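I opened this entry to keep track of what I looked up. My notes begin with one pair of helices and widen from there.

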Amino acid sequence: MKEADLEVNANTYNALCSFDRPNLYYMEAIMETLEDKKIKPNTDTYTLMIDTYTRELDFKNANKMFSAIKENECIPHIYAYEALMRSRCKAEFPNEAREVIEHLHSDKPDGVVPLTSTYNVLLDYFESHGKDTEADEIMKLMKERGVLYDTHSYNALLRAKYNAGKASMALKIFEKWNFRRDEATFAIAIDSAVQAGQYDTAVTLHERAKNRGYVYNEKTAMPTYYEPIPLVYPRRCDYWEICGDHHMTWDR
């Protein structure tokens, strides 16, 4: 790049971390390289570090990285705030994540306002803990504030119902609410149908998903519940051999 007279900056190194879930050693090496080359990290760099420390459950350093944004004369963008929220949720402090949303909504620091993805951070937390009432409250709050739902929002609500043991309600939402469905949506609906004992519905949903080119298996439709719970097996309806009494047996 130097030979071509191209500028090497923080974004150049950020691009090296654009793959999914770079590990801590890799990110620390990037930070050391930036320091050696006297290149100033930017907000994206610190955001990557927040997410990395969060995955390592090092919440103290995650907070330090967020503080470092302003300390190094950078401006936090919405994705930095969302990374901070993910860290607080992972640390089991969802109320602090909610405070971040309220701060952004009320104060709009540096012109930053919460987006749909910002509220989705909290929805993901409540979904993973089976707290469907709290998920309902966030959806209601979004509606009151004119924040549009996206497919991720709906999927989180459906999974929250499923993880709360309200599979039938999740199915009703899937059937009655008009929203764009993706592969994850059908996976949740299929799981809910199985949990509710509606095996014919599960098979029908699986066929609909296949017709759309979606794949359903344990790798792409893993349970998200925070604590292990008993599941109805087999989960994969392409493993089922349905008999007249809906008895399920492994077929492969």
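Entry one, a helix pair. I looked up helix 5 (residues 78-90) and helix 7 (residues 116-128), and found that their axes come within 9 Å and cross at roughly 10 degrees. This is a predicted model, and I read every value with that in mind. Angles under 35 degrees count as roughly parallel, and helix 5 and helix 7 are therefore roughly parallel to each other.

I then asked which residues of helix 5 meet helix 7. On the helix 5 side I noted I78, E82, M85, R86 and C89. Their partners in helix 7 are S117, T118, V121, L122 and Y125. Sorted by class, this contact has six nonpolar, two polar and two charged residues. I added a general remark to the margin: an α-helix has 3.6 residues a turn, so residues three or four places apart point the same way.

Entry two, helix 3. I took residues 43-55 next, which form helix 3 with its 13 residues. From its first C-alpha to its last I read 19 Å, close to the 18 Å expected at 1.5 Å a residue.

Is helix 3 largely enclosed or not, and why? Ten of its 13 residues are buried, so helix 3 is largely enclosed by the rest of the structure. I listed the buried ones: T43, T45, Y46, T47, M49, I50, D51, T52, Y53 and T54. These buried residues pack against helix 1 (10-15), helix 2 (24-36), helix 4 (59-71) and helix 5. Helix 5 thus turns up again, after its contact with helix 7.

Entry three, a single residue. I picked Y162, which lies in helix 9 (residues 151-163). Is Y162 buried or exposed? Its relative accessible area is 5%, and buried means under 20%, so Y162 is buried. I also checked Y162 against K131: the two are 31 residues apart in sequence and 10.0 Å apart in space, C-alpha to C-alpha.

Entry four, the whole protein. I counted twelve helices and zero strands. Of the 252 residues, 46% are buried. Among contacts between residues at least 6 apart in sequence, 57% join residues at least 24 apart.

Entry five, confidence. The mean pLDDT of the protein is 84, and 82% of its residues reach 70 or more. Where does pLDDT stay under 50? I found this over residues 225-252, for which the model has 57 contacts beyond four places in sequence.

Conventions
Residues are numbered from 1 along each chain as its sequence is written. This is a predicted model: local features need pLDDT of at least 70, side-chain atom pairs count only at pLDDT 80 or more; totals for chains, interfaces and linings use all residues. Side-chain values use heavy atoms; hydrogens and water are left out. pLDDT is the predictor's confidence in each residue, from 0 to 100. Contact means heavy atoms within 4.5 Å. Axes are lines fitted to C-alpha atoms, for helices over the stretch in contact, and angles run from 0 to 180 degrees between N-to-C directions. Helices (H or I, at least four residues) and strands (E, at least two) are DSSP runs, numbered from the N terminus. Angles under 35 degrees count as roughly parallel, over 145 as roughly antiparallel, 65 to 115 as roughly perpendicular and the rest as oblique. Ala, Val, Leu, Ile, Met, Phe, Trp, Tyr, Cys and Pro count as nonpolar, Asp, Glu, Lys and Arg as charged, and the others, Gly among them, as polar. Buried means under 20% relative accessible area, exposed over 50%, partly exposed in between (1.4 Å probe, protein chains only). The expected span of a helix is 1.5 Å times one less than its number of residues.
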